[in-house]
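User: I would like to go through this structure with you, starting with how its side chains are classified. Could you set out the terms as we go?

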Amino acid sequence: MECPVCNSPGLADELKKCPQCSADFEAFQLTKKIEQTGKNRLLFGWIAAILFFLVLIALVVFFVITPKADQPSEQEAQEVVLLKADFDKVKKQNESLLAKNNELTAQLNKKVEEKAKREKTYVVESGETLFIIARKVLGNGYKYQDIAKDNNISDPDIITTGQKLVIYY
């Protein structure tokens, strides 16, 4: 360091007074520190500004240039359109099948009602068996078990003359 008053060269920076002119270096040292601090602050300001702009550029790149996950790609959009078309097709098939099911159910119910309405009361004659009655009324003697079941007859071989049987056909 150089003495600012007497210009003596080669003085140590830690000295508080000039050995030749006894000038106080404290004020000069403080001025030097303030200048150095100002330079450091300016450097810090530049560094902070550069970091701010780098972060700003990174955010712009991330949010503007990078495609958003919410927006499907063109291929995904085409797949969605195809899936919707398939869904509509299956939905129409389902509606068609439901209509056909309702139609068939109505037909079945009608047939069940018709079958349930067809019954005949038969009076057993002398010498007849359930097999003979089934063959005579239903056209098939082996349907004697149905007649027995419908009339709660536990033993099909035991029926009496004059007994009334309900026969469903």
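Analyst: Buried means under 20% relative accessible area, exposed means over 50%, and partly exposed lies in between, with a 1.4 Å probe and protein chains only. This is a predicted model, in which local features need pLDDT of at least 70 and side-chain atom pairs count only at pLDDT 80 or more, while totals for chains, interfaces and linings use all residues. Residues are numbered from 1 along each chain as its sequence is written, and side-chain values use heavy atoms, with hydrogens and water left out.

User: Is E128 buried or exposed?

Analyst: E128 is buried, because its relative accessible area is 11%. E128 sits in the loop between β1 (119-123) and α3. Helices (H or I, at least four residues) and strands (E, at least two) are DSSP runs, numbered from the N terminus.

User: Which residue forms a salt bridge with E128?

Analyst: The partner is K136, and the closest N and O atoms of the two residues are 2.6 Å apart. A salt bridge here is a side-chain nitrogen of Lys or Arg within 4 Å of a carboxyl oxygen of Asp or Glu. By this rule there is one salt bridge.

User: What polar contact does the side chain of E128 make?

Analyst: The side chain of E128 makes a polar contact with the side chain of Y122, at 2.5 Å. In addition, a polar atom of the E128 side chain lies 2.8 Å from the backbone nitrogen of E125. A polar contact is a pair of N or O atoms within 3.5 Å; within protein, one must be able to donate a hydrogen and the other to accept it, and residues adjacent in sequence count only if both atoms are side-chain atoms.

User: And which residues is E128 in contact with, leaving aside neighbours within four places in sequence?

Analyst: Those residues are Y122, V123, I133, K136 and I159. Contact means heavy atoms within 4.5 Å.

User: Changing topic: how many aromatic pairs are there?

Analyst: Rings of Phe, Tyr and Trp (its six-membered ring) pair if their centres lie within 6.5 Å; planes under 30 degrees apart count as stacked, over 60 as edge-to-face and the rest as tilted. By this rule the count is three aromatic pairs. F131 and Y142 are edge-to-face, because their ring centres are 5.2 Å apart and their planes stand at 85 degrees. This pair links distant parts of the chain, with F131 in helix α3 (residues 130-138) and Y142 in the loop between α3 and α4 (144-150), 11 residues apart.

User: What about F131 and Y144?

Analyst: F131 and Y144 form a tilted pair, 6.4 Å centre to centre with 55 degrees between the planes. Here F131 in helix α3 is linked to Y144 in helix α4, 13 residues apart. F131, Y142 and Y144 form one aromatic cluster.

User: How accessible are F131, Y142 and Y144?

Analyst: F131 counts as partly exposed at 30% relative accessibility, and Y144 is also partly exposed, at 24%. Y142 counts as exposed, at 62%.

User: One last topic. Where is K17 found, and how far is K17 from A148 in space?

Analyst: K17 is found in the segment before α1 and is exposed, with a relative accessible area of 55%. K17 and A148 are 138 Å apart in space, C-alpha to C-alpha, and 131 residues apart in sequence. Not counting residues up to four places away in sequence, K17 touches A23 and F25.
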